Amino acid sequence: MPFKLLLFITRKPTVSPAEFKDHWDNKHVALLKSIAGDKFPLTHTRNCISRTEDNGTWPANVIVGTQEDFSYDGIAELVFENEAAFKTFFAIISESEAAARIAADEEVFAVREKFKAIVLGETSVTSRD
């Protein structure tokens, strides 16, 4: 059974949403792949919160809720073959040298203290027929 988790990532206030997405997509994930090799997740899907520039601020395009509800800028879904595969990946990225490289890169575009992660349960999908 696949093992899935969600990450919630907050961009640094000095980084624009476009810079955040570019760094995350083109530098950070490449770093993770280079460290984890074939233990990288089956998929690493990234979604960014839609934000519009407003006098130097980047408010979220909120439909329901308030700005305060969306303190994060990106949501990633990582999918592994199973929980054991996740644990292997996590052990690799937690090794001191790897963790230091990852932390240094995250400092460029994200607020590490605000990272959140959660394991997902079963998924249900309803499609338009």
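**Strand pairing**

I began with the pairing of S1 and S4 in this predicted model, and I found that the two strands run antiparallel and are joined by four bridges. One residue I looked up along this pairing was Phe8, whose bridge partner in S4 is Lys116. I then followed the pairing outwards and noted an open sheet of four strands in the order S2-S3-S1-S4, with antiparallel pairing. S2 and strand S4 (116-119) stand at the edges of the sheet with a single partner strand each, so one side of each has no neighbour there. For the twist I noted an average of 15° from one strand to the next.

**Helices on the sheet**

Next I asked which strands H1 lies across. I found H1 across S1, S2 and S3, and I noted that the helix runs at about 165° to S2. Helix H2 (residues 83-94) also packs on the sheet, where it touches S1 and S3, and its direction makes about 120° with that of S3.

I went through the chain as a whole at this point and listed three helices and four strands, which follow one another from the N terminus as β-α-β-β-α-α-β. Taken along the principal axes, the C-alpha atoms fill a box of roughly 45 × 45 × 20 Å. Of the 129 residues in the chain, 35% are buried. I also looked at how far apart in sequence the contacting residues are, and among contacts with a separation of 6 or more, 76% are between residues 24 or more positions apart.

**Ala36**

I picked out Ala36, which is found in helix H1 and is buried, with a relative accessible area of 6%. Which residues does Ala36 contact, leaving aside its neighbours within four places in sequence? I found Phe89 and Ile92 in contact with Ala36. I also checked Ala36 against Glu81, and the two are 45 residues apart in sequence, with their C-alpha atoms 15 Å apart in space.

**Helix H3**

I compared the length of H3 with expectation: at 1.5 Å a residue its 14 residues should span 20 Å, and its end C-alpha atoms are 21 Å apart, which agrees. I then listed the buried residues in H3, which are Ala98, Ile102, Ala103, Asp105, Glu106 and Phe109. I kept in mind that an α-helix has 3.6 residues a turn, so residues three or four places apart point the same way. When I looked for what covers these buried residues of H3, I found that H1 and H2 are included.

**Salt bridges**

How many salt bridges does a search of the whole structure find? The search gave seven, and I looked at some of them in turn.

The pair Lys12 and Glu107 forms a salt bridge with its closest N and O atoms 3.9 Å apart, which I set against the cut-off of 4 Å for a salt bridge. Lys12 lies in the loop between strand S1 (3-9) and helix H1 (17-36), whereas Glu107 lies in helix H3 (residues 96-109), so the pair ties together parts that are 95 residues apart in sequence. I noted Lys12 as partly exposed at a relative accessible area of 23%, and Glu107 as partly exposed too, at 37%.

Lys21 forms a salt bridge with Asp25, and here the closest N and O atoms are 2.4 Å apart. Lys21 and Asp25 are four residues apart in helix H1, and about one helical turn separates them. Lys21 is partly exposed at 42% relative accessibility, and Asp25 is partly exposed with a relative accessible area of 22%.

Arg51 forms a salt bridge with Asp73, with 2.6 Å between the closest N and O atoms. This pair links distant parts of the chain, 22 residues apart, with Arg51 and Asp73 both placed in the loop between strand S2 (43-48) and strand S3 (74-80). Are Arg51 and Asp73 buried or exposed? I found Arg51 buried, and Asp73 buried as well. I added to this entry that Arg11, Arg51 and Asp73 are linked in a network of salt bridges.

**Annotated domain**

Lastly, I looked up the UniProt record, an unreviewed entry, which places the feature "domain: EthD" at residues 12-111. Over residues 12-111 I noted 46% helix and 13% strand, and the end C-alpha atoms of this stretch are 5 Å apart.

Definitions and conventions:
Residues are numbered from 1 along each chain as its sequence is written. This is a predicted model: local features need pLDDT of at least 70, side-chain atom pairs count only at pLDDT 80 or more; totals for chains, interfaces and linings use all residues. Side-chain values use heavy atoms; hydrogens and water are left out. A salt bridge is a side-chain nitrogen of Lys or Arg within 4 Å of a carboxyl oxygen of Asp or Glu. Buried means under 20% relative accessible area, exposed over 50%, partly exposed in between (1.4 Å probe, protein chains only). Two strands pair if DSSP finds at least two bridges between them. Axes are lines fitted to C-alpha atoms, for helices over the stretch in contact, and angles run from 0 to 180 degrees between N-to-C directions. Contact means heavy atoms within 4.5 Å. UniProt positions are given in the numbering used here, feature names are shortened, and annotations may be inferred rather than shown by experiment. The expected span of a helix is 1.5 Å times one less than its number of residues.
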